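Trainee: Got a minute? I'd like to walk through this one with you.
Mentor: Sure, pull it up and ask away.

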Amino acid sequence: MTGPASKLYLEAPRRLRALVRARESGLIVLAALIGIAGGLLVALMSHAVSFLHEALFNLPHGERLSSQSVLEPLRALLVPSLGGLIFGLGLLALHRWRPGREVDPIEANALHGGQMSLRGSIIVALQTVWSSGVGASVGTEAGYTQISSGVASSLGKAFHLRRSDQRILLGCGSAAAIAGAFGAPLAGAFYAFELIISGYTPASLAPIGVAAVTGYAVAHQLAPTVPGIILSQVGEVTSQDIAIALALGLLSALVGIAVMRSVAIWDTAMTRMRLWLPLRPAIGGLIVGVFALHAPQVMSSGHGALHTTNLVALPVLTVATLFALKILASIVSLGSGFRGGLFFSSLLSGALGGHLFAAAMNTLVPTLHLDISVYAVIGMSAFSASVVGGPLTMAFIALETTGNLWLTTAVLIAVIVSTQVTRELFGYSFATWRFHLRGETIRSAADIGWIRELTVGSMMRSDITTIPMDTPIDTFRRRYPLGSRTQVVAVDAEMKYAGIVFVADAHGPRDQPAATISDIIRYRGIALLPEMSVQDAVAAFDRAEAESLAVIDKADTRRVIGLLTEAHALRRYAEETERHRRHSVGEM
C-alpha cells in the first residue's frame, strides 16, 4: 500500500511545531493555509480540464464540453478512446514504478490517522484531470479533495501533529476543495464533518470552517467560473411538495444503489474478459464517445450541462434519454478504470431524475401541478446523498444554490429518506462500496486505525511452554502438577502447533483413560495469527468458545510464538477504547 508510507516531507522548526501543538489557534492558522492551497488547486485543476477540453475537442475558449449541443463525430469517438488508451498505458508504467494503490482521505482518516502520500495524491489528481479532460464521465471533485487533503497531510506531518489534529487537518483539505469547487462553504464544511472526519467536535469547527471559507474565497477570486451549480429560478414550495419529497427520496435511493452495484458489475465483467490493461479504459472511452454522439452532455462531469441546461424547458423524452445515457456513461467510465468520482455526475443525474419524476406525477395526477424546477433540486440532492453520502452536505448545497429555505426543508426530508434507505438496503456510499470490493470493512471515516494497530502480536505472551503431543499422560502429570500452571501448548513431531492441554484436564477424572496428552488436547487446528486485530481475536475466541488460544507465526508453518487469553484481549480493548473516549471528551 503506497498511501501513508511516504517519507518525503518538510519539517517545521521545533519551536514553531511546539507553538502549533500547544494552541488551538495554531491549528486554525494551518487550516487557513490549507484553505488557500485548496482554492488554488481547485482553480488550477479546473483550468487544466477546460484547457484539455478546448484543445482536444476544438471548443471555443470558455466553452464547456458538457454544454455543447453537438460535437465533431470523429473527435467524440477518438478523443475518449485514445485518451483511455493513453491512460491505461500510464497505469501500466505507474504500477511498475509505484506498485499498490493510493489512499484517499476517507481511508486515511479511518485507518491511518490522517496520513497520506503527497506524491500519490498528485498522481491521483493528474489522473483525474486527464480522465475528465478526455471526456470520461467522471467527477473531478475526487481529485480536488485528494490533492488538497494530500497537502494538508504533509503540512500536518511537518508539524508532527497529534493523530486527532492530523485527522482534522485532512478534513480541512477536503472542506476547502469542496467549498471552492461548488462555491458553497457550508457544504464544504459539512462534507468534511460527515464524510472525512465522520463526526463533529467543537475543536474541529473553527479549523474546518476557516478552511472552507478560505478555499471558497480563493477559488472564487481566481476562477469565478469554477464549477458551481447554477439553476433557473425555482418555484414556490408547498406542503404537498414536502410530502411528495419522501417518495422521490425513496426512488433516488433505489436508483443510487443500482448505479453503485452496476459500477462493480461492469468492472467485474471487464476483468473477466482478461483484456490488456490499457484496452479497458480505451473501450470505456469509445462507449462514452458513442453516447456523446447522441448527447454530448454525458461527457466529463457534467458541469456545463447543469450550468446551461434549462431543465424546465427540455422535452421529457430528451431528459429521459440524457438521464439514462449519463448514468450509463458514468458506470462505464468508472468500471473501465478511469479515475474520478460520482459527485457532480450524481448531481446532474439526480436533477434530470427529479425532472422526470415531476413530469410523470403531473401526467398521472394532473391536479398536483408539481413544479419541475423544485423537483430537479430535490432529485439532485436526494440522488447524490444516496451515492456520495452526506445528507447535510447535500442539503446545504441546495440551500447555498437556491437560497430557498422552504425548498431546503423539502430537500432535507428527501435526503434523510434516501440516506436511510441506502443504509438499510445497501450499507455503503460509493466510496466505501469500493473499499468493500477491495476487501476492506470500513464504512465511514470513523477512526478505527488504532483498533487495527492493537494486534494479537502486540498483546500476546511469548513466554510459553510447549510439549510433544505424544507425551504420556503420567509423564505430563509429574512434570506439571496441579497449581503449577493452567495450560501447556502441544506440538507435533515437526514442532507444529497441535492444540492446548489444560493441566486440570490431565489430573481430573475421565470416563476413558488417556494414554498420551493427545487424547485430551483442546482447540486442535484453532489458533491466532500475530497480524490479527483485537476484534478478529475476540471473534475467534467466541467461535472457538475458548478462554485462551495459541498464536502461530503463519498458517502454513504453524510455529507457536505466543499465547493470548480472551480476558487480556478484552481488557486491552477496553483500555484503548476508554483512552480514545477521554481524548475525544477532552477535545470538547
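**Threonine 419 and the cores**

Mentor: Keep in mind that this is a predicted model. Let's start with threonine 419, which sits in helix 17 (residues 405–425).

Trainee: Is threonine 419 buried or exposed?

Mentor: Threonine 419 counts as buried, because its relative accessibility is 15% and the cut-off for buried is under 20%.

Trainee: And what does threonine 419 contact, leaving aside neighbours within four places in sequence?

Mentor: With those set aside, threonine 419 is in contact with Ala385 and Pro391.

Trainee: Switching topic: how many residues are in the largest nonpolar core?

Mentor: That core has 93 residues. Those with the most contacts inside it include Phe182, Met299, Phe343 and Tyr375. Helix 15 (residues 372–388) gives the largest share of this core, 12 residues.

Trainee: Where's the other core, then, and which residues are in it?

Mentor: It lies apart from the big one and has 25 residues, among them Tyr523, Val534, Val560 and Ala569.

Trainee: Back to methionine 299. What does it touch, not counting residues up to four places away in sequence?

Mentor: Methionine 299 touches a list of residues that includes Phe57, Leu65, Leu71, Pro80, Val288 and Lys326.

Trainee: Zooming out, how many helices and strands does the protein have?

Mentor: There are 24 helices and 5 strands. Buried residues make up 54% of the 588 residues.

Trainee: What about contacts between residues at least 6 apart in sequence?

Mentor: Of those, 75% join residues at least 24 apart.

Trainee: And how much area does the protein expose?

Mentor: About 25500 Å², with carbon and sulfur atoms supplying 61% of it.

Conventions:
Residues numbered from 1 in each chain as written. Predicted model: local features only at pLDDT ≥ 70, side-chain atom pairs only at ≥ 80, totals over all residues. Heavy atoms only, no water. Helix = DSSP H or I, 4+ residues; strand = E, 2+ residues; numbered from the N terminus. Buried < 20%, exposed > 50% of the residue type's maximum accessible area, 1.4 Å probe, protein only. Contact = heavy atoms within 4.5 Å. Areas by Shrake-Rupley, 256 points an atom, 1.4 Å probe, with all protein chains shown as cover. Core = buried A, V, L, I, M, F, W, Y, C linked by side-chain atoms within 4.5 Å.
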